[in-house]
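Thanks, everyone. Let me put the model up, and we'll walk through it together.

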Amino acid sequence: MEQSPISTLTVVGLGYIGLPTAVFFANAGLTVRGVDTSDRVLQTLNEGRATFEEPGFSSLLTRALESGLLEVGKDIRPSDAFVIAVPTPLGEGRSFDNSYINSAADAIAPNLKGGELVVLESTSAPGTTEALAQRIVSSRPDLTLEEDRENSVYFAYCPERVIPGGITAEMPANDRVVGGTTETATCMAEELYKCFVRGSIRSSTAITAEMVKLTENAFRDVNIAFANELSLICADLEVDVWELIDLANLHPRVNILTPGPGVGGHCIAVDPWFLAASTQSAHLIRVAREVNDAKPEFVCSQIQNKIDSGSLKEVALFGLAFKADVGDLRESPALKIASLIAKRNPKVSLRVVEPNISHLPPSLEYADNVRLDSAEGALSNSELAVLLVAHSTFLSVDKRQFPEVEFLDFTGKWTD
Ligand SMILES: NC(=O)c1ccc[n+]([C@@H]2O[C@H](COP(=O)([O-])OP(=O)(O)OC[C@H]3O[C@@H](n4cnc5c(N)ncnc54)[C@H](O)[C@@H]3O)[C@@H](O)[C@H]2O)c1
């Protein structure tokens, strides 16, 4: 049966991924309803403002809202297609928490009549799109997953791989993978994303598409774990890890990544667990997660050694974000390190330098011995300065101007 073109779309979950997705579809001419359960999100959007900072995004949002093609609200209504972009956090025991997806599915189900496409974009464990399809048809036995019937509903997975800070440029430009639970679903999803995606759209099955996203992040995690493990081995053997990696990378087919204080953010530090939880075969992926998760404790022990051996009273920590040049503190190893050092050393005054935030996060706010400071202020008042995150503004610090300060660098970027 010939599918009619999709002209109305509902995007469920208007966060960092769902909102720009809704905006790009609306600006491509679809009539889009964005749905979110959060009053704060809806209120901000109804005032015409974005809920996050992203270069170039607010003008795109304004265009979508002013054209009348994007409207937002709490309730889901019938439409030709649905895109789900709700959170998928780690559940208990590092399992995959699909509860937000299930809530979205239950809210979509009563609005289906047959012929619709439901696309899952949330990062998901293998098999989630199939389970979503089964959940919806078991609550609506009048619908079917068989193709080409009047009451057929189609399901596909389409992962997102944009980088924070580059969403506006990357969302339309990146190559995409779409995978349906049936061939027609795959074709429908491909047609849908062609509306605004200028990159190539590769099609596959739903489970492969789900695994593509997890594999990308597990690949990064495993490679970072290799570098982080080298840093531990080098500490044991008293070898300079930065020199070692520099020299090993002279090999034309070797490209070792840079060790750091650990792995953070809500993707690389989380998604590999979804793979590890779905099979007994993911040994390396599981161990890589453990290596990266253990790195903050190693960094703490190195800082602690300096504090104890020098009876230090004033320490500066540079960086709290989960990576350089962002203000995002989610799953940040630097934040974990700062919190542990503050807790274990109540008599040591800690000056935290994080130019991307204006006040301390809750995990540090409680501590009397921690304050947010400028780089200059921290360096003028500290005996030890620790580089945890290589924000570009930190790289110009002239260490020679602070001869009294000892420098400890966990990023390899504070060169002499
Ligand atoms: N942020 C990224 O860089 C990124 C990149 C790729 C993939 N992802 C994945 O995309 C998904 C969404 O991530 P995000 O960063 O946009 O999350 P987010 O927390 O920024 O936004 C999620 C939104 O969904 C809303 N929500 C929750 N349950 C809902 C429901 N039942 N109905 C309607 N709205 C609901 C929340 O209120 C929130 O506004 C996750 O699976 C994430 O792993 C994120």
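Let's start inside the fold. Which residues does isoleucine 285 touch, not counting those up to four places away in sequence? The answer is Ala218, Val222, Pro272 and Leu275. Isoleucine 285 itself sits in helix α11. Take alanine 225 as well. It lies 60 residues from isoleucine 285 along the chain, and the two C-alpha atoms are 9.5 Å apart.

A word of caution before I go on. This is a predicted model. Everything I quote is computed from it.

Now the whole chain. We have 416 residues, and 51% of them count as buried. The secondary structure comes to 14 helices and 13 strands. The C-alpha trace spans about 75 × 50 × 40 Å along its principal axes. What about the radius of gyration? The chain has 24 Å, and a compact globule with 416 residues would have a value near 22 Å, so the two agree.

Next, contacts. Consider those in the chain with a separation of 6 or more. Residues 24 or more positions apart account for 71% of them. As for the surface, the chain exposes about 19400 Å². Carbon and sulfur atoms supply 52% of that area.

On to the second largest pocket. It holds about 390 Å³ of space. Which elements give two or more residues to its lining? They are α8 (206-237), α9 (241-248), α11 (283-310) and β13 (406-409). Note α11 again, the helix where we found isoleucine 285. In total, 17 residues line this pocket. Nearest its centre lie Val241, Trp242, Gln302, Asp409 and Phe410. By class, the lining has 10 nonpolar, 3 polar and 4 charged residues.

Now the backbone. Most residues other than glycine have a negative phi. Here are two residues with a positive one. Arginine 94 is not a glycine, yet its phi is about 60°. Where is arginine 94 placed? In the loop between β4 (81-84) and α4 (99-108). Its relative accessible area is 39%, so arginine 94 is partly exposed. Glutamate 331 is the other case, with phi near 55°. Glutamate 331 also belongs to a loop, this one between β9 (314-318) and α12 (333-344).

Let me take three more positions. I'll go from buried to exposed.

Threonine 168 is in helix α6, residues 167-173. Is threonine 168 buried or exposed? Its relative accessibility is 17%, and the cut-off for buried is under 20%, so threonine 168 counts as buried. What does it touch, leaving out residues up to four places away in sequence? Threonine 168 touches Phe24, Glu54, Pro55, Gly56, Phe57 and Leu60. Leucine 388 is another matter. It is 220 residues from threonine 168 along the chain, and their C-alpha atoms are separated by 28 Å.

Serine 380 comes next. It is found in helix α14, which covers residues 375-380. At 45% relative accessibility, serine 380 counts as partly exposed. Alanine 316 is 64 residues from serine 380 along the chain. Their C-alpha atoms are 9.7 Å apart.

Last, lysine 113. It sits in the loop between α4 and β5 (117-120). Why does lysine 113 count as exposed? Its relative accessible area is 65%, and exposed means over 50%. Lysine 113 still has partners. Leaving aside neighbours within four places in sequence, it contacts Leu143, Glu150 and Asn151. Now compare sequence with space. Lysine 113 and serine 103 are 10 residues apart in sequence, and their C-alpha atoms are 19 Å apart.

To recap the points I'd like you to look at on screen. One, the second largest pocket, with its 17 lining residues. Two, arginine 94, with its positive phi. Three, glutamate 331, with a positive phi too. That's the tour. Happy to take questions.

Terms used: Residues numbered from 1 in each chain as written. Predicted model: local features only at pLDDT ≥ 70, side-chain atom pairs only at ≥ 80, totals over all residues. Heavy atoms only, no water. 1 Å grid on protein atoms, 1.4 Å probe; cavity = no way out; pocket = protein on both sides within 12 Å on 5 of 7 lines; lining within 4 Å. Points joined across faces, edges and corners; volume = space filled by probe spheres on them. Helix = DSSP H or I, 4+ residues; strand = E, 2+ residues; numbered from the N terminus. Nonpolar A, V, L, I, M, F, W, Y, C, P; charged D, E, K, R; others polar. Rg over C-alpha atoms; globule rule 2.2 N^0.38 Å. Buried < 20%, exposed > 50% of the residue type's maximum accessible area, 1.4 Å probe, protein only. Contact = heavy atoms within 4.5 Å. Areas by Shrake-Rupley, 256 points an atom, 1.4 Å probe, with all protein chains shown as cover.
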